Amino acid sequence: MLSGRRLDLLDPSPLDVEISDIAHGLARVARWNGQTKGDYAFSVAQHSLIVEAIVAERESDPRWRMAALLHDGPEYVVGDMISPFKAVMGGDYKTVEKRLQAAIHLRFGLPGELPAPVEKAIKAADRVSAYYEATLLAGFDAKEAAKFFGAPGSGEFRPEDFTPQPATRMEAAFLERFAALDAELTAGRPNADTAPKARSAAANAQ
């Protein structure tokens with residue numbers, strides 16, 4: 001990594017995970033294998049910021065918003081493999097990805113495995129972002145996108161949020177959002193367990 005860290009893919013240590021490496025990598029990994037409109041690739045970092053913003057509309061706990069921001073964290077190491085190829089790769093890929101995700105979570109004070117309602121809420125937000133990416137950037141019509149990702153609800157979104165941005169800008173934005181959430185986590189707000197709210201977010205985001 002540019003930070004000088006060396007990460008063992010088979011047994012990743014949280015001590016070798018640096019947010020600067022994550023932000024730098026995700027800002028340079030293209031969603032959709034780069035097959036998107038615009039002057040720049042639509043990066044995983046930009047996608048992650050959108051997913052976190054969707055979750056944040058209904059979720060106040062910074063732990064789960066941080067988890068949303070980092071939901072594709074392993075891709076700073078393994079890249080963004082398209083879903084059909086992930087299916088071909090099978091369990092070995094999933095095992096590596098899961099270990100990396102757990103290490104990232106532990107590094108930043110999150111549980112290695114998220115509560116099921118939180119995981120569901122993040123996946124729902126991920127599908128909402130994917131739907132708009134598909135229709136605005138990747139050439140899908142609305143019916144085709146809904147078939148793969150589900151039709152989004154009536155939540156607000158701004159088309160300009162999906163305009164692909166330069167890597168350096170997305171790296172800075174990702175780090176800025178991480179710092180804000182990390183400050184909330186450090187301050188210990190809120191103290192209450194808000195996993196039930198995440199269950200509601202999952203239902204409303206679809």
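**Exercise 1.** Is Arg5 buried, exposed or partly exposed, and at what relative accessibility?

*Solution.* First, the ground rules: this is a predicted model, where local features need pLDDT of at least 70, side-chain atom pairs count only at pLDDT 80 or more, and totals for chains, interfaces and linings use all residues. Residues are numbered from 1 along each chain as its sequence is written, and side-chain values use heavy atoms, with hydrogens and water left out.

Next, the cut-offs: buried is under 20% relative accessible area, exposed is over 50%, and partly exposed is in between (1.4 Å probe, protein chains only). Arg5 comes in at 32%, so it's partly exposed.

**Exercise 2.** Find the salt bridges that Arg5 forms with Asp16 and Glu18.

*Solution.* Look for a side-chain nitrogen of Lys or Arg within 4 Å of a carboxyl oxygen of Asp or Glu. For Asp16 and Arg5, the closest N and O atoms are 3.9 Å apart. For Glu18 and Arg5, they're 2.9 Å apart. Now check burial: Asp16 is partly exposed at 21%, while Glu18 is buried at 19%. Finally, Arg107 joins Arg5, Asp16 and Glu18 in a network of salt bridges.

**Exercise 3.** Work out where the buried residues of helix 9 sit around its axis.

*Solution.* Helices here are DSSP runs (H or I, at least four residues), numbered from the N terminus. In helix 9, the buried ones are Met170, Glu171, Phe174, Phe178 and Leu181. They cover an arc of only 105°, so they're on the same side of helix 9; the arc uses directions from the helix axis to the C-beta atoms. The face turned away carries the exposed Thr168, Glu176 and Thr186.

Key
Helix = DSSP H or I, 4+ residues; strand = E, 2+ residues; numbered from the N terminus.
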